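Welcome to a short set of exercises on side-chain contacts. Open the structure, follow each task, and then check your steps against the worked solution.

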Amino acid sequence: MKRIALILFLSCFASQINAQNLYDDALTAASYAYSHSKKAHGANNVYHTQEYADKAIEAFQKVEDLADQCNCKNANETAYAARVDMQSSLEQDTYERSRFFAKRAKELGSQLLEQLTSCQASVGAYTYAEEASIDDENEIAEATEEVSSKQKELEEKRRQLEIEQRELEAQIAEQSRKKAEFEAMRAAELKEQSLIKSKAEQALQKLENALQELSVVLNEESSFETQSDYLRSENELKNESLDDTKNFYVNRAKELTQTAMQQFVGYNVEN
């Protein structure tokens, strides 16, 4: 009789642990969904809003499936509603509309966490009343200790997941900061390149005009061969650095003066 009771106890214990594992996975997914929803709502443009909305949809779908397995009906329905709102956010073509649905999903995400926590607490409150007939107190104490140990292990796992999530968010934030910093530096550099382009091309054109005029002065029958290959579009600057831009115009100045020297060396002055 003791053996049968113990087997029933352990069987129920295993079912409870499995249910707790499902809830832990559901809570983790719900945390990710809520986090992505907040970021979608807080984004400053439609592209970032929809980027996070896409991630939130996947997380809400996972919660929806896990909540169904846990028989947590309220959480299942809330996850579904949040996922639909996020899908609507993804389909909008304006920032305001996309953000509106992201806000609704975020609010449902917060509610979803509360519902899952409540369902998990209900499962954890099960007292194994049917096993009260086990009269071997030592065996019950041992099984209870094992349950406590497993719960501590699950709690530690949850804390570790939260730490990893914070670290991941910090890494993403740092990457975004570096990207923004690089883009700002590149924009400033491109502005300086554009200024150099404008001034250098004006100077080269003046030099070319002066060489043309000098060529006629020295020899009326001659004409200076113009280059004009130093005139470029703004778009070409995007594929080079500031030093590359400077070197381009330095080289064109050298080529222009070398052309002049080669042409002038052939002039003969008759007495």
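A residue is called buried if its relative accessible area is under 20%, exposed if over 50%, and partly exposed in between, using a 1.4 Å probe and protein chains only. You are looking at a predicted model, in which local features need pLDDT of at least 70, side-chain atom pairs count only at pLDDT 80 or more, and totals for chains, interfaces and linings use all residues. Residues are numbered from 1 along each chain as its sequence is written, and side-chain values use heavy atoms, with hydrogens and water left out.

**Exercise 1. Rings that meet**

Task: Find the rings that pair with Phe100 and with Tyr249, and work out how the planes are arranged.

Solution.
- Step 1: Recall the rule. Rings of Phe, Tyr and Trp (its six-membered ring) pair if their centres lie within 6.5 Å; planes under 30 degrees apart are stacked, over 60 edge-to-face, and the rest tilted.
- Step 2: Count the pairs. There are two aromatic pairs in the structure.
- Step 3: Take Phe100. Its partner is Phe101, at 5.2 Å centre to centre with 80 degrees between the planes, an edge-to-face pair.
- Step 4: Take Tyr249. Its ring centre is 5.0 Å from that of Phe248 and the planes are at 90 degrees, so this pair is edge-to-face.
- Step 5: Sort by accessibility. Phe100 is partly exposed at 41%, while Phe101 is buried at 11%. Tyr249 is buried because its relative accessible area is 5%, and Phe248 is buried at 15%.
- Step 6: Look above Phe248. Arg232 lies over the face of this ring, 3.9 Å from the ring centre; a charge sits over a ring if NZ of Lys or CZ of Arg is within 6 Å of the ring centre and within 35 degrees of the ring normal.

**Exercise 2. Cysteines**

Task: Which cysteines does a disulfide join, and why is Cys70 not bonded to Cys72?

Solution.
- Step 1: Apply the cut-off. A disulfide is a pair of cysteine sulfur atoms within 2.5 Å, and a search of the whole structure finds one.
- Step 2: Name the partners. Cys72 and Cys119 are joined, with 2.0 Å from S to S.
- Step 3: Read the torsion. It is about 70 degrees around the S-S bond of Cys72 and Cys119, so the disulfide is right-handed.
- Step 4: Place the ends. Cys72 is in the loop between helix H2 (46–69) and helix H3 (73–91), and Cys119 is in helix H4 (residues 95–124), so the disulfide links distant parts of the chain, 47 residues apart. Helices (H or I, at least four residues) are DSSP runs, numbered from the N terminus.
- Step 5: Check Cys70. Its sulfur is 7.1 Å from the closest cysteine sulfur, in Cys72, which is too far for a bond.

**Exercise 3. Opposite charges**

Task: Which residues pair with Glu64, Asp85 and Glu155 in salt bridges?

Solution.
- Step 1: Start from the idea. Side chains of opposite charge can pair when their charged atoms come close. The cut-off for a salt bridge is a side-chain nitrogen of Lys or Arg within 4 Å of a carboxyl oxygen of Asp or Glu.
- Step 2: Take Glu64. Its partner is Arg83, with the closest N and O atoms 2.8 Å apart. Glu64 lies in helix H2 and Arg83 in helix H3, so the bridge ties together parts 19 residues apart in sequence.
- Step 3: Take Asp85. It meets Arg104 at 2.8 Å, N to O.
- Step 4: Take Glu155. It meets Arg159 at 3.9 Å, N to O, and these residues are four apart in helix H5 (residues 137–218), about one helical turn.

How values were computed: Helix = DSSP H or I, 4+ residues; strand = E, 2+ residues; numbered from the N terminus.
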